[in-house]
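Here are a few exercises to help you find your way around a new structure. Try each task yourself before reading the solution.

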Amino acid sequence: MREGWNFHGDIAVSLEGDAIRYFQWLDRPFDKIFDADSIEHNHFVEDMIILLRDKTNYTNENEEIESFVEKCSKYFGVSGNIIPSEEAQSLYDEFTALFK
């Protein structure tokens, strides 16, 4: 992790960007759960899972995604600032690899 790492700048803004590109929005999703502030406060895990599920047509047959969902489940509704930084970064890195 980089020196000065913080959840909002290093994960929430990046995840918001992932959603903007995926859904082809033209602006920040201020009124959606994919906004960086919403991601930081309580939608981090939910957003990653929604993006993965949508990209795979909501199938439950991808074992890597099913394993990822299970790993994330304890953080549903949890502020990104409460999740240990190494764990949050690890989850986001795993999401990024699965989402490509």
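**Exercise 1.** In this predicted model, work out how α2 and α4 are oriented relative to each other, and which residues make their contact.

*Solution.* Start with the geometry: the two helices pack at an angle of about 10 degrees, and their axes are 10 Å apart. Angles under 35 degrees count as roughly parallel, so α2 and α4 are roughly parallel to each other. Next, look at who does the touching. From α2 come F44, M48, L51, L52 and K55, while α4 brings A88, L91, Y92, F95, L98 and F99. Finally, sort these residues by type: 10 are nonpolar, one is charged and none is polar.

**Exercise 2.** Find the residues that touch the most other members of the largest nonpolar core, and say which helices supply the core.

*Solution.* This core has 27 residues, and the ones touching the most other members are F7, L15, F44, M48 and F95. Now trace the helices: α1 (7-23), α2 (36-55), α3 (63-72) and α4 (85-99) each give at least two residues. The largest share is eight residues, and α2 provides it. Zoom in on F44 to see how such a residue is surrounded: leaving out residues up to four places away in sequence, F44 touches F7, I11, L15, I39, I83, A88, L91 and Y92. As background, nonpolar side chains tend to be buried together in soluble globular proteins.

**Exercise 3.** Describe the aromatic pair formed by F7 and F44, and decide whether each partner is buried or exposed.

*Solution.* Take the rings to begin with: their centres are 5.0 Å apart and their planes are at 90 degrees, which makes the pair edge-to-face. Then place the partners. F7 sits in helix α1 and F44 in helix α2, so the pair ties together parts that are 37 residues apart in sequence. For burial, the cut-off is under 20% relative accessible area. F7 comes in at 2%, so F7 is buried, and F44 is buried too, at 0%. To widen the view, the whole structure has eight aromatic pairs, and one aromatic cluster is made up of Y22, F23, W25, F34, Y92, F95 and F99.

**Exercise 4.** Locate Q24 and Y58, and say what their phi angles are like.

*Solution.* Keep in mind that most residues other than glycine have a negative phi. Q24, in the loop between α1 and α2, isn't a glycine, yet has a positive phi of about 60 degrees. Y58 isn't a glycine either and also has a positive phi of about 60 degrees; look for Y58 in the loop between α2 and α3. Last step, accessibility: Q24 is exposed at 67% relative accessible area, and Y58 is exposed at 53%.

Conventions:
Residues numbered from 1 in each chain as written. Predicted model: local features only at pLDDT ≥ 70, side-chain atom pairs only at ≥ 80, totals over all residues. Heavy atoms only, no water. Core = buried A, V, L, I, M, F, W, Y, C linked by side-chain atoms within 4.5 Å. Buried < 20%, exposed > 50% of the residue type's maximum accessible area, 1.4 Å probe, protein only. Helix = DSSP H or I, 4+ residues; strand = E, 2+ residues; numbered from the N terminus. Contact = heavy atoms within 4.5 Å. Axes fitted to C-alpha atoms, helices over the stretch in contact; angles between N-to-C directions. Parallel < 35°, antiparallel > 145°, perpendicular 65-115°, else oblique. Nonpolar A, V, L, I, M, F, W, Y, C, P; charged D, E, K, R; others polar. Phe/Tyr/Trp six-rings, centres within 6.5 Å; stacked < 30°, edge-to-face > 60°.
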